[in-house]
Amino acid sequence: MGYSAQLLMTLPEVVLGLGAILLMLVAAWGGQGSTRAVSLAAVAVLIGAGISLMGPASAGGSAFGGLYRADMFAAFAKAVIFAAAAVSILIAPKFFATTSGDDLRPEYPVLILLSAAGMGMMVSAGDLMSLYVGLELQSLSAYVLASFMRRDARSAEAGLKYFVLGALASGILLYGISLVYGFSGTTLFTDIAQAYAGPKSTGLLFGLVFVFAGLAFKISAVPFHMWTPDVYEGAPTPVTAFFASAPKMAAMAMAVRVATEAMGPAVHDWRQIVVFAALASIALGAFGAIGQKNIKRLLAYSSINNVGFALIGLAAGTQAGVASVLFYMAVYVVMTLGCFLVVLQMRDAEGNAIESLDSMAGMSRTRPGLALAMMIFMFALAGIPPLLGFFAKLEVFNAATAAGLFPLAVLGIIGSVPGAFYYLSIIKRMYFDDPAPKYEGRPGLVEGGLLLAASVAISPLGMLVLPCLSAWTALAAKSLF
């Protein structure tokens, strides 16, 4: 295969990389005044990267000696990642203009592009080295984004905590990679799978444990979730929306590829780890959220809880299980972005952000449209039919049951109950409590349009896209098997 053909397979990352470099030059020459132009151009670059998925990037096969995979699985994950990244850029200008003491700088969309390029490498990695390079590119951009509000102590704290704990997780992952390489003699996923299919090796088993521990940090699964509430609360809200959507999808897709392609023959070994992480994440995410007073911290625990449900699909270790994970994460990204679009409107008359749950009391009488949207997202996250969130949970439970993991599915359903409690408590606060002071924040045209689109997508009207989404996820999962 020629070099040009292989480059075509990596076209989304090429577009993102070149776009980020060019826009960084524009930002350096144009200064603060170029922010709007750079932001719009960054969204255009993400759209271009999405369009490039329709070529060899979604069906080209293996490139650069197996380092890179261009298949439908990666294309699906990248489509969700690029869409979430574009939303995170579009919602940032108004937030920084009204809430932050720091103006939005043109480096913000450039960092998003670089992070998206890293995430693209993560989900297309066919080798542990290319996986780690993509992971670090995404992470280094994320550390800066978390502390983007330089004059805000909470943002600086969030960036520092994310950096320190992220470095620890990277060390754990690298140690696992070194063990896998040492006992298999290779870093290619296909060759590692052959090693795991051979005689049992204690070294390979330890490598598997450390690799999954490092991956668990990236998806914020228990017991490596400790960074999530603090980082979500301290980071600027558009950045938190980004962390809760695109990197979450990328990390989960990366974990799925490693589990199925590199360590597929050891499914009975890593399934125990995944089952524990799934149930622990569901439990801690549900009970940890109940006592929260800050909406962003509550959504952080909600993120941990939802990762647990997605891991139930991965525990199945089957094609249907992988399809259910993709389905769940796609729906989760829309629900989460919708929640943060509502949070962005929680501002007082001076434009300061309000994040307390008590401020949402009686919102149905002061801001009925905003309350209706939040109610839809809360019901969907709780898994109430006929909203799309219900079908996402149904998919993972069906996959687990079909794989013979009926007790896991039952425990997952039981774990949904305490989670539903705090979602429904927000609805109760909005519709039945005495009204708190009215929010003065008003969505702009872009924010309002995105909020409406997310609400409609999650509502019963979203059932119209169920056949297409199910077919796409099934096709994506099939490319891994």
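Tyr108 and Phe148: are they buried or exposed?

Both Tyr108 and Phe148 are buried, where buried means under 20% relative accessible area, exposed over 50% and partly exposed in between (1.4 Å probe, protein chains only). This is a predicted model, in which local features need pLDDT of at least 70, side-chain atom pairs count only at pLDDT 80 or more, and totals for chains, interfaces and linings use all residues. Residues are numbered from 1 along each chain as its sequence is written, and side-chain values use heavy atoms, with hydrogens and water left out.

**Exercise 1. Describe the aromatic pair of Tyr108 and Phe148.**

Step 1. Apply the rule: rings of Phe, Tyr and Trp (its six-membered ring) pair if their centres lie within 6.5 Å; planes under 30 degrees apart count as stacked, over 60 as edge-to-face and the rest as tilted. The count by this rule is 18 aromatic pairs.

Step 2. For Tyr108 and Phe148 the centres are 5.6 Å apart and the planes make an angle of 70°, so the pair is edge-to-face.

Step 3. Locate the two residues. Tyr108 is in helix α6 (residues 107–124) and Phe148 is in the loop between α7 (128–146) and α8, 40 residues apart. Helices here are DSSP runs (H or I, at least four residues), and strands are too (E, at least two), numbered from the N terminus.

Step 4. Look for a group of rings. One aromatic cluster is formed by Tyr143, Tyr162, Phe163, Phe217, Trp227, Tyr232, Phe242 and Phe243.

**Exercise 2. Follow the salt bridges of Glu355.**

Step 1. Start from the principle. Side chains of opposite charge can pair when their charged atoms come close. A salt bridge is a side-chain nitrogen of Lys or Arg within 4 Å of a carboxyl oxygen of Asp or Glu. The structure holds 15 of them.

Step 2. Take the partner Arg154. Its side chain meets that of Glu355 at 3.3 Å, N to O. Glu355 is in the loop between α16 and α17 (363–366), while Arg154 is in helix α8 (residues 153–184), 201 residues apart.

Step 3. Take the partner Lys296. The closest N and O atoms of Lys296 and Glu355 are 3.6 Å apart. Lys296 belongs to helix α15 (residues 295–316), and 59 residues separate this pair along the chain.

Step 4. Classify the three residues. Glu355 has a relative accessible area of 11%, so it is buried. Lys296, at 1%, is also buried, whereas Arg154, at 34%, is partly exposed.

Step 5. Widen the view. Arg154, Glu157, Lys161, Asp230, Glu233, Lys296, Arg297 and Glu355 are linked in a network of salt bridges.

**Exercise 3. Explain which parts the salt bridge of Arg429 and Asp358 ties together.**

Step 1. The side chains of Arg429 and Asp358 meet at 3.9 Å, N to O.

Step 2. Arg429 lies in helix α20 (residues 406–432) and Asp358 in the loop between α16 and α17, so the salt bridge ties together parts that are 71 residues apart in sequence.

Step 3. Arg429 is buried, because its relative accessible area is 19%.

**Exercise 4. Describe the lining of the largest pocket and of the second largest pocket.**

Step 1. Fix the terms. On a 1 Å grid over the protein atoms alone, a pocket is an open set of points with protein on both sides within 12 Å along at least five of seven lines; lining residues have an atom within 4 Å of a point. A volume is the space filled by probe spheres set on the points, which are joined across faces, edges and corners.

Step 2. The largest pocket has a volume of about 610 Å³. Of its 24 lining residues, Ala83, Ala330, Val333, Val334 and Ala457 are the closest to the centre. The elements giving two or more residues are α4 (72–90), α16 (319–343), α21 (445–458) and α22 (466–478).

Step 3. Sort by class: Ala, Val, Leu, Ile, Met, Phe, Trp, Tyr, Cys and Pro count as nonpolar, Asp, Glu, Lys and Arg as charged, and the others, Gly among them, as polar. The lining of the largest pocket has 23 nonpolar residues, 1 polar and no charged.

Step 4. The second largest pocket has a volume of about 380 Å³. Its lining has 11 nonpolar, 3 polar and 4 charged residues. Helix α3 gives the most to this lining, with 5 residues.

**Exercise 5. Find the cis peptide bonds that lead into Pro223 and Pro386.**

Step 1. Val222 and Pro223 are joined by a cis peptide bond with omega about 10°. Pro223 is in the loop between α10 (202–218) and α11 (228–234).

Step 2. From Pro385 to Pro386 the peptide bond is cis, with omega near 5°. Pro386 is in the loop between α18 (368–382) and α19 (388–402).

Definitions and conventions: 1 Å grid on protein atoms, 1.4 Å probe; cavity = no way out; pocket = protein on both sides within 12 Å on 5 of 7 lines; lining within 4 Å.
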